[in-house]
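Here is my note on the model. Please read it with the coordinates open.

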Amino acid sequence: MLRERLDEVRERIAQAAIQAGRKPDDITLIAVTKKFPAAVMIQAYELGLRFFGENYVQEFEAKFSELAALAGAQFHLIGHLQSNKTKKAAELFQGIQTVDTPKLVRRLAETGAKLELMIEIKLSEEHTKSGVSADEISRIIDAAQESSTLSLTGFMTMPPWSDDAELSRPYFARLRSLSEKHGLPKLSMGMSHDLEVAIQEGATHVRVGTALFGPRPKPSATQ
Ligand SMILES: *Cc1c(COP(=O)(O)O)cnc(C)c1O
């Protein structure tokens, strides 16, 4: 089942890339595995997936011992990082896509870990505004440049959820313009329902959960 879904998602990525005049290989598929057990991640790894996105430091920590042997796997944090969890996050992840303050960058630098960082932009209803101000973006970039272990490569965003993928487009376009303005080439944007639009707007990383693994398991209701 996962194999078929993975083929479908890869086909969607390839089609969207070709239609946009881009190379399918320039788009990295990140398998979003929050709420799924390590066994599912191992299955995905065996089918060739190497990039995994996790939302919660603690949840991932609990799964990590089963995943440590997956050579070449890259784990990226795509959920909010609290500054008191930076040390643990730096031990577990190769990438943090949700950096939103210079302070967080400095805490990550202090760990000495080699990490890829992206700045998370929360775009508001009026898509011209961003949660992280232009000023703040510059200060985050400066903080990252002071570190020899951190590599700040781009931006990440998650538009307000909508059934209509077209409604995500202005947010993705806005993220691309930020990437051009600041010379940070990577763009992590697009999920199960809107990855085509994201790729048309320049996504280099798409984060896909449901389309690969089905609906996320809900914690069973206690009687
Ligand atoms: C859960 C999640 C995804 C994946 O969403 P799907 O709709 O299941 O593909 C992507 N990005 C972030 C930040 C998420 O929290």
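1. Is Glu-54 buried or exposed? Glu-54 is buried, with a relative accessible area of 0%. Here buried means under 20% relative accessible area, exposed over 50%, and partly exposed in between, using a 1.4 Å probe and protein chains only.

2. On the basis of the note: this is a predicted model, in which local features need pLDDT of at least 70 and side-chain atom pairs count only at pLDDT 80 or more, while totals for chains, interfaces and linings use all residues. Residues are numbered from 1 along each chain as its sequence is written, and side-chain values use heavy atoms, with hydrogens and water left out.

3. Start with strands E2 and E3. E2 covers residues 51–54 and E3 covers residues 74–77; they pair in the parallel sense over four bridges. Pairing requires at least two bridges found by DSSP between the strands. Helices (H or I, at least four residues) and strands (E, at least two) are DSSP runs, numbered from the N terminus. Gly-53 stands opposite His-76 in E3. Between E2 and E3 the chain passes through helix H3 (residues 57–67), and this β-α-β crossover is right-handed. Right-handed means that, with the strands pointing away from the viewer, the path from the first strand over the helix to the second runs clockwise.

4. Next, E3 and E4. Strand E4 (residues 95–99) runs parallel to E3, joined by two bridges. His-76 appears again: its bridge partner in E4 is Gly-95. Helix H4 (residues 86–92) completes a right-handed β-α-β unit with E3 and E4.

5. Back to Glu-54. What does Glu-54 form a salt bridge with? The partner is Lys-63, and the closest N and O atoms are 2.8 Å apart. A salt bridge here is a side-chain nitrogen of Lys or Arg within 4 Å of a carboxyl oxygen of Asp or Glu. Lys-63 is also buried, at a relative accessible area of 6%. Lys-63 meets Glu-59 in a salt bridge too, at 2.9 Å from N to O. Both of these residues lie in H3, four residues apart, about one turn of the helix. Both are buried.

6. Now the other salt bridges. The whole structure holds 11. One of them joins Arg-169 and Glu-201, with closest N and O atoms 2.8 Å apart. This pair links distant parts of the chain, 32 residues apart: Arg-169 is in helix H7 (residues 169–182), and Glu-201 is in the loop between helix H8 (195–200) and strand E8 (205–208). Arg-169 is partly exposed at 22% relative accessible area, whereas Glu-201 is buried at 10%. A network of salt bridges links Glu-166, Arg-169, Arg-176, Glu-180 and Glu-201.
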